[in-house]
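Me: Please take a close look at one part of this model, the nonpolar core. Keep it brisk.

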Amino acid sequence: MKLQNVYSWEIELRDGSVSRQYENGKEQTWKKLRLDEIVRVSFVPVVNILPRHDCFIDISHGEHFIKRFGKGFIKQMPDGFRLAEYVNCCQTNRYRFWVFHSNGRCLITRPDFELRI
Amino acid sequence: MAADVQIHEMTGATTGVDKTNGTVRFKSADETTVDTNNRLQIPTSGTNYSYTKQLRFYFNTPPDTDIQDLEAYSDGNNDFGDGIGVQYDTSGAFSANVNTNINGTDLFTATSSSPIDMDANNAGPHTGTGYKGDFLRLQMTVASNAQPGTLNAETLTFAYKET
């Protein structure tokens with residue numbers, strides 16, 4: 001499996017409905033969802049040895065979802081160019097929650113922080 | 001699925017060599033082969049310049065929605081040794097490779113805190129497959145105080161943001 005596909009996203013709305021990145025045999029987009037009603041963003045590992053991560057968004061206290069994105073880092077190493085790391089990120093108005101695909105660890109930063117490794 | 005993104009060494013506006021699991025070698029010849037032929041010579045005075053290398057993003061499979069914020073940066077440390085440097089510039093178009101001074105910027109000043117904008121000219125968001133963003137043109141410089149020998153590879157990072 002390619003590194004960029006190790007995790008997929010799952011998003012829950014206030015009404016309890018859940019959308020997944022891969023449904024009905026094709027890839028979905030979160031951009032059609034009501035962003036102000038998102039209460040949970042999860043990163044679900046395809047490989048079960050990696051941890052699942054859940055971001056619970058407390059919309060009742062002014063927190064709200066901004067966007068979800070992936071970020072790839074291609075490095076020229078001594079053995080050549082390769083995708084050295086890929087991260088998934090959930091951004092709210094209060095933080096960015098990053099999940100590293102290579103080992104499943106996570107990082108929480110300010111919402112304006114740009115991860116570069 | 002997330003996009004499959006590659007880095008290609010360009011030989012023309014829309015032709016290049018996939019460098020996945022391959023390196024880029026500065027040479028005194030205009031070709032993409034990685035071997036020890038056409039080595040750079042240490043001058044008795046002044047500076048010698050390698051033929052330029054031009055790198056560009058290539059989307060082998062498309063993103064679900066789009067890709068933007070294409071960037072490149074070094075680790076900020078020139079470990080090639082005294083008298084050896086790498087300079088760069090960017091362009092929205094391919095230009096013939098040259099072995100004359102391009103008067104570029106020191107590559108090692110482009111770091112994670114001040115990366116090279118790789119889609120300033122060919123701006124995103126980028127969709128579909130094929131070549132995307134700008135050309136990163138690199139050139140090695142060798143001055144008379146350089147030491148002979150084979151150099152170890154330096155780390156160059158390309159980053160992109162995908163939705």
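Reply: What follows looks at the core and then at chain A.

This is a predicted model, in which local features need pLDDT of at least 70, side-chain atom pairs count only at pLDDT 80 or more, and totals for chains, interfaces and linings use all residues. Residues are numbered from 1 along each chain as its sequence is written, while chains are lettered from A and ligands numbered from 1 in the order in which they are written.

The model scores ipTM 0.94 and pTM 0.94. Chain B has a mean pLDDT (the predictor's confidence in each residue, from 0 to 100) of 96, and 100% of its residues reach 70 or more.

The largest nonpolar core holds 51 residues. Such a core is a set of buried Ala, Val, Leu, Ile, Met, Phe, Trp, Tyr and Cys residues joined through C-beta atoms within 7 Å. Buried means that 20 or more other C-beta atoms lie within 10 Å of the residue's own, with C-beta atoms placed from the backbone. V41(A), F57(B), A72(B), I116(B) and L136(B) have the most contacts inside this core. Strand β8 of chain A, residues 80-92, gives the most to it, with six residues. Strands are DSSP runs (E, at least two residues), numbered from the N terminus.

Take A72(B). Leaving out residues up to four places away in sequence, A72(B) touches A110(B), P115(B), I116(B), M118(B), L136(B), L156(B), T157(B) and F158(B). Contact means C-beta atoms, placed from the backbone, within 7 Å.

Now chain A. It has zero helices and 10 strands. Of its 117 residues, 26% count as buried. Its C-alpha trace spans about 50 × 35 × 25 Å along the principal axes.

Conventions: A residue is buried if 20 or more other C-beta atoms lie within 10 Å of its own, exposed if 12 or fewer, and partly exposed in between; C-beta atoms are placed from the backbone. Helices (H or I, at least four residues) and strands (E, at least two) are DSSP runs, numbered from the N terminus. Two residues are in contact if their C-beta atoms, placed from the backbone, lie within 7 Å.
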